[in-house]
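Got the viewer open? Here is a short walk through three spots, with something to select at each one.

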Amino acid sequence: MANEEDDPVVQEVDVYLARSLAEKLYLFQYPVRPASMTYDDIPHLSARIKPKQQKVELEMAIDTLNPNYCRSKGEQIALNVDGTCADETSTYSSKLMDKQTFCSSQTTSNTSRYAAALYRQGELHLTPLHGILQLRPSFSYLDKADAKHREREAASEAGDSSQDEAEEDVKQITVRFSRPESEQARQRRVQSYEFLQKKHAEEPWVHLHYHGLRDSRSEHERQYLLCQGCSSAENTELVKSPSEYLLMLVPPSQEEEKDKPVAPSNVLSMAQLRTLPLADQIKILMKNVKVMPFANLMSLLGPSVDSVAVLRGIQKVAMLVQGNWVVKSDILYPKDSSSPHSGVPAEVLCRGRDFVMWKFTQSRWVVRKEVATVTKLCAEDVKDFLEHMAVVRINRGWEFVLPHDGEFIRKHPDVVQRQHMLWTGIQAKLEKVYNLVKETTPKQPDGQSGPAGLVSGDQRVQVAKSRAQQNHTLLERELQRRKEQVRASAVLPGVQIKEEPLSEEGEEEEEQAVEEGEPMDTSPSGGFHSRLTNGLPAGWAVGGDGFNGHPPPSCASTPVAQELRAFVEATFQRQFVLTLSELKRLFNLHLASLPPGHTLFSGVSDRMLQDTVLAAGCKQILVPFPPQTAASPDEQKVFALWESGDMSDQHRQVLLEIFSKNYRVRRNMIQSRLTQECGEDLSKQEVDKVLKDCCVSYGGMWYLKGTVQS
């Protein structure tokens, strides 16, 4: 008691267990270096990994200008490794040992006792480590030097031998045939050290992109070290009742467990379900039911469960479709599994099922033949997808199994918006993989009772009337927009709003639709791509109807433009080069972090975002992509900060001019051009800084950030 009084409790800290990176987090142990230098300050030239062996190699630059660096030794090592002639296969192109390779080795196979901790705002968040790797210097260049030495000795011996030497006497050759290998001999050979080394050497290297400590991608991934659900209901691993602690300390004997009746593996009673953590309860229910309204899920979990915690948990295992929750594809088809019908891997099955789910977000009806044509999957797999979430109607197609849950959408607009953003990303992937063409059929209203293409005459008349009313509203808003355009020019004086008239093709399509008796689409945003802007779907993004009834940001109040300008300037101060696709991704992440009702939720179009970037002192770099590139149009739009106010502005401008004429460039060309344009002999550190700001290295070549296609 006396010791406890002398050592009082100063502070109690809540501990949370974060599992978002539990299967992906590795700890790299670097060799000891001076405290004044961190490894993030050293340019990482390249990185590669062998996933099966968990073996990593990092190539880092050496500071050759450091007073502790011996230049003569560096030149001697480069000479021994590469010889006198320098070509593309040379290890040290600068004829100086200016880089070093670090190779990893596993320190321990059992990492269950280790975790990474992050302390923030009085909370301690723990993430279990998946592996611990020690990085040690690799001296493979010495083996290369020995090989070069042996080649030179062999060449000199061959030169000294006489060319007129008589041919050697003919020798008798004995041919032997090996006996068939027994099973025991084969097992010994497979378990031998030489065989394992050969298998390890045959595994190909996978090249990686290194992101520094202050990179935006690193900042985004670092957020996963925080527990996503900080309520006690979701952290049951660290919160146990006294009876549960007693059960962990004194587990029941094996004889008692054998006396219990064994239930089937796919059957779980509600009593057993209630003993599991909330996240596991939600996952098991959704995996078995597959489609469920949120109200039904809450009734199954019990009245004492917090609805906010359930909302957090359901978004990890399900997607929102027509106001109802549908289990995610990767829950039903985990990694390394395959189709029982066709043997197709899980990745292809998930992609096909995501396509079916996305189609149901667009309409209540899906045609099985269309799904099979797009996904190229067998009929049995497609039927399984549809039976998970739809019912078949004769001569109509497959209808979504549950009615549209408008009540949930009205109560939780923030969840609906987040799900729309997720569906935007899934749609972009599907569009790229399946080469989806633009949709020309107008989207059906929610109350429509037939599949796509089966529209009655009365319904066509009703749709035409509603669109005529929308067109009248659009004309009034266009008048208001022109009145407020003068105010918008005061917000962004350097931006001119370009008026784009209706194309001739659009007019011909409307005339043809009228002749065929179909209602004319008078909405300004028609088509597959135009319904999506900055990751927000139709009705949320800026188009003719604005965002939630608000006018577009180009004619909105001053705070919208100021907030967007502040975001763009802050983003380009951290990253000097960004593609439009990456900028939109960062903007969507910024939107997700804002509180509900923020002024930026009034909607921002692609045109508004690009005009703000140009007005913030950035320039578009016309990178000459190769003709066979797989980059999307947004990935081919590259913007760079032209002047940041530091000493490297001139160097970056020269570098950007180089990439306006070349898709990829070698380092020696960049260095020579910088020396020529700047009129001074630049140090290696200055060149490394410019390259780190604007470029990435891949396969020995340098690319602008975001333009490399691996």
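Before the first stop, a word on pairing: two strands count as paired if DSSP finds at least two bridges between them. Keep in mind too that this is a predicted model.

**Stop one: a sheet.** Select strands 13, 14 and 15. In which order do the three strands of this open sheet lie? They run 13-15-14, and the pairing is antiparallel. At the edges sit strand 13 (365–366) and strand 14 (390–393), each pairing on one side only. Now zoom in on strand 13 and strand 15 (residues 397–400): two bridges join them in the antiparallel sense. Show side chains for Val366 and you'll find Trp398 of strand 15 standing opposite.

**Stop two: a lysine.** Next, pick Lys290, in the loop between helix 10 (278–289) and strand 10 (291–292). Lys290 is buried, yet it has no salt bridge. How far away is the nearest side chain of opposite charge? That is Glu387, at 9.4 Å, whereas a salt bridge would need the charged atoms within 4 Å. To see what does touch Lys290, leave aside its neighbours within four places in sequence and light up Leu285, Trp325, Val326, Val327, Leu332 and His388.

**Stop three: a surface patch.** Finish by selecting Ile173, Val175 and Phe177, and switch on the surface. Together they form a nonpolar patch with about 430 Å² of accessible area. Ile173 belongs to the loop between helix 3 (140–160) and helix 4 (183–190). Is Ile173 buried or exposed? Its relative accessible area is 72%, so Ile173 counts as exposed, the cut-off being over 50%.

Key
Residues are numbered from 1 along each chain as its sequence is written. This is a predicted model: local features need pLDDT of at least 70, side-chain atom pairs count only at pLDDT 80 or more; totals for chains, interfaces and linings use all residues. Side-chain values use heavy atoms; hydrogens and water are left out. Helices (H or I, at least four residues) and strands (E, at least two) are DSSP runs, numbered from the N terminus. Buried means under 20% relative accessible area, exposed over 50%, partly exposed in between (1.4 Å probe, protein chains only). Lys and Arg count as positive and Asp and Glu as negative; His and the chain ends are not counted. Contact means heavy atoms within 4.5 Å. Patches are made of residues with over 30% relative accessible area and no salt bridge: like charges are joined within 9 Å, nonpolar side chains (Val, Leu, Ile, Met, Phe, Trp, Tyr) within 5 Å. Accessible areas come from the Shrake-Rupley method with a 1.4 Å probe; for residues, only the protein chains shown count as cover.
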